[in-house]
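Hello,

Here is the structure for you to look through. My notes follow below it.

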Amino acid sequence: MIYVCGIIACSSQRHQRVAPILKAGLSRLEYRGYDSVGIATLDASLIIKKDAGKLDEVDKKLVLDSLPGKIGIAHTRWATHGPPTSINAHPHVDCKEGVAVVHNGIIENYIEIKTFLISKGHAFKSDTDTEVIAHLMEHHLNEGENSLEAFRKTISSLKGTYAIALLTASDPQRIYFAKKSSPLVIGVGEGALFAASDIPAFLDQTKKVVVLRDGELGYFSSSELYIEKDGVQVKPRITTVNWTPEMAQKGGFPHFMLKEIYEQPLALENTLKIREESLEKVARLLLSSEKIVFTACGTSFHASLWGYHEFLRKLDKFILPVISSEYSHYLHLIDENTTVIAVSQSGETMDVLKFVAGVKKRDAKIVAITNVVGSSLAREASETLYMQAGPEIGVAATKTFTGQVLMMNLLSIVTQYFEGLITHQEYQKVMRSLAELPSIISRVIRTVEPRARRIANEIKRSKSAFYLARGHNIPVAMEGALKLKEIAYIHAEAYPAGESKHGPIALVEPDFPVIFVAPRDEDERRILSNVQEMKARGGKIILVTEPNSILIEHAHHSFVLPYPRSIYYRPIQNIIPLQLLSYFTATARGLDPDKPRNLAKTVTVD
Ligand code: F6R
């Protein structure tokens with residue numbers, strides 16, 4: 001079994017019971033998976049409650065808050081193989097129920113370990129790889145090792161990826177932890193310490209964090225933190241994050257997705273704060289490279305496609321966008337003269353990390369664009385540009401898409417300046433104009449929301465929709481289509497508008513929604529004939545455009561956005577109505593946009 005999961009652990013002298021803290025942490029980690037949950041606390045002995053289902057459902061049945069104990073671990077799971085069942089839910093225990101463990105990742109050699117342990121008389125209850133960790137710890141404790149040594153030996157036998165938190169009755173004040181390739185951060189509070197897959201899980205308790213690195217393991221109690229790597233003690237690198245707990249909460253919005261759509265002006269403002277030196281370093285790297293390759297998955301790939309179109313129009317170089325999971329087919333093109341721009345909101349997407357690992361072996365330079373400080377991708381890259389969009393909890397990416405696109409634009413502008421394609425004056429003018437972007441986006445969100453809500457009601461029963469555009473607007477159309485698919489479960493297809501006549505138009509019948517991303521650029525006239533083709537077949541024409549467009553009179557509905565001061569505004573303002581349209585279509589269909597079926601926020605499997 002392999003999982004994308006969230007874990008949280010806490011040891012506290014400050015609280016009567018840690019179970020409520022663990023439960024609150026789980027609710028903020030549900031974006032990592034939500035098909036089963038479990039908590040283990042240690043009081044006089046280990047107590048475990050776990051079951052299949054979302055946190056709220058399991059909590060109603062098992063009243064997770066009621067567990068006693070000042071120390072505990074918890075888990076929320078997302079299975080990719082095998083059924084989510086109570087037995088397979090974490091925490092997992094050893095034979096004597098003296099050890100409990102939660103884990104995110106894949107233990108690749110679990111079958112060998114399991115076979116060995118069965119030969120030693122261990123009995124397994126679940127089909128998971130994780131359970132071997134609890135039994136292996138028990139095995140080493142049985143052999144007379146102290147808890148730390150038993151944990152070290154346990155971890156040294158594991159192959160694969162893991163973020164682990166482990167409780168043992170043999171050492172009731174401590175939580176043991178280890179990390180390799182799956183994210184794990186430690187929170188350092190007053191009289192309470194935490195470990196979690198992500199910072200928002202304990203952000204209401206502390207802002208002081210230690211981002212663990214691969215190969216680190218250790219333990220913490222309510223007042224002590226010990227970390228080591230390769231047997232040598234490591235001094236904790238404590239940093240203070242500036243996210244407020246409110247930023248990680250819904251802040252009065254019915255869903256994280258809507259909150260995050262509305263947070264875009266603030267997120268863009270933060271992205272704009274990036275230090276010019278960081279952009280300059282990357283720009284010089286790009287200009288010194290023969291080839292530039294963009295790689296990413298999903299929404300981040302759409303942002304990369306925008307970057308690809310932008311750089312292709314400006315630079316005379318070999319430039320290629322590659323979906324990360326397809327990397328093996330492109331490796332031969334990548335060498336020491338290539339810079340790879342790897343884009344990932346989480347910085348933990350396994351497909352992206354594998355791509356990066358593969359091209360590093362070919363001596364390519366890696367630039368990361370990510371939202372998560374200290375993420376695996378950031379650590380692999382020689383240069384990292386942080387979007388600073390704040391935590392994104394909704395499974396559907398929104399504010400991180402616009403942050404990524406803005407970052408591409410900033411990078412493009414600086415690169416053009418260094419290449420001598422624009423003067424210093426032009427450079428300053430366009431940079432200054434971007435400062436106005438957040439307030440313009442804020443206005444766009446507020447003005448398009450009522451229309452998006454109305455149109456969503458009209459299209460909510462549609463089975464399918466087209467998103468059409470030309471040239472560099474195509475990535476925005478693709479992103480709009482992905483949003484509708486993933487949260488409203490309506491089939492949506494994006495393609496270059498001129499392709500309709502080559503097949504797709506056969507699907508169009510009365511009321512079939514056709515959404516055009518058609519700002520007033522050089523393609524406006526050519527889009528007109530595509531609009532007319534669709535309208536003649538009864539298609540419901542929904543337009544994203546700008547004032548005085550010749551297309552408006554042919555459309556059933558138009559989102560008329562401000563004529564932009566700079567072309568760099570366009571992809572960012574054009575996606576807003578499409579994000580809102582998907583959101584309201586999902587809610588009009590009675591769906592929860594924050595938890596789309598079959599999806600997890602961070603995909604740490606390939
Ligand atoms: C869609 C969505 C996904 C992610 C993709 C990559 O709304 O969120 O398509 O964009 O899984 O994730 P990151 O950017 O974390 O690498």
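Helices (H or I, at least four residues) and strands (E, at least two) are DSSP runs, numbered from the N terminus. This is a predicted model: local features need pLDDT of at least 70, side-chain atom pairs count only at pLDDT 80 or more, and totals for chains, interfaces and linings use all residues. Residues are numbered from 1 along each chain as its sequence is written, and side-chain values use heavy atoms, without hydrogens and water.

First, the pocket. A pocket is an open set of points on a 1 Å grid over the protein atoms alone, where a 1.4 Å probe fits, with protein on both sides within 12 Å along at least five of seven lines. The largest one holds about 550 Å³ of space (the volume filled by probe spheres set on the points, which are joined across faces, edges and corners). It is lined by 24 residues (each with an atom within 4 Å of a point). Closest to its centre are Cys297, Gly298, Thr299, Lys601 and Val603.

Helix H9 (298-314), strand S18 (338-344), helix H10 (350-360) and helix H15 (474-488) each give this lining at least two residues. H9 has the largest share, three residues.

Next, the cysteines. How many disulfides (pairs of cysteine sulfur atoms within 2.5 Å) does a search of the whole structure find? It finds zero. Cys5 is in no disulfide, and the nearest cysteine sulfur, that of Cys297, is 19 Å away. Cys5 is buried (under 20% relative accessible area, 1.4 Å probe, protein chains only), at 0%. Cys297 is partly exposed (from 20% to 50%), at 22%.

Best wishes

Conventions. Disulfide = S-S within 2.5 Å.
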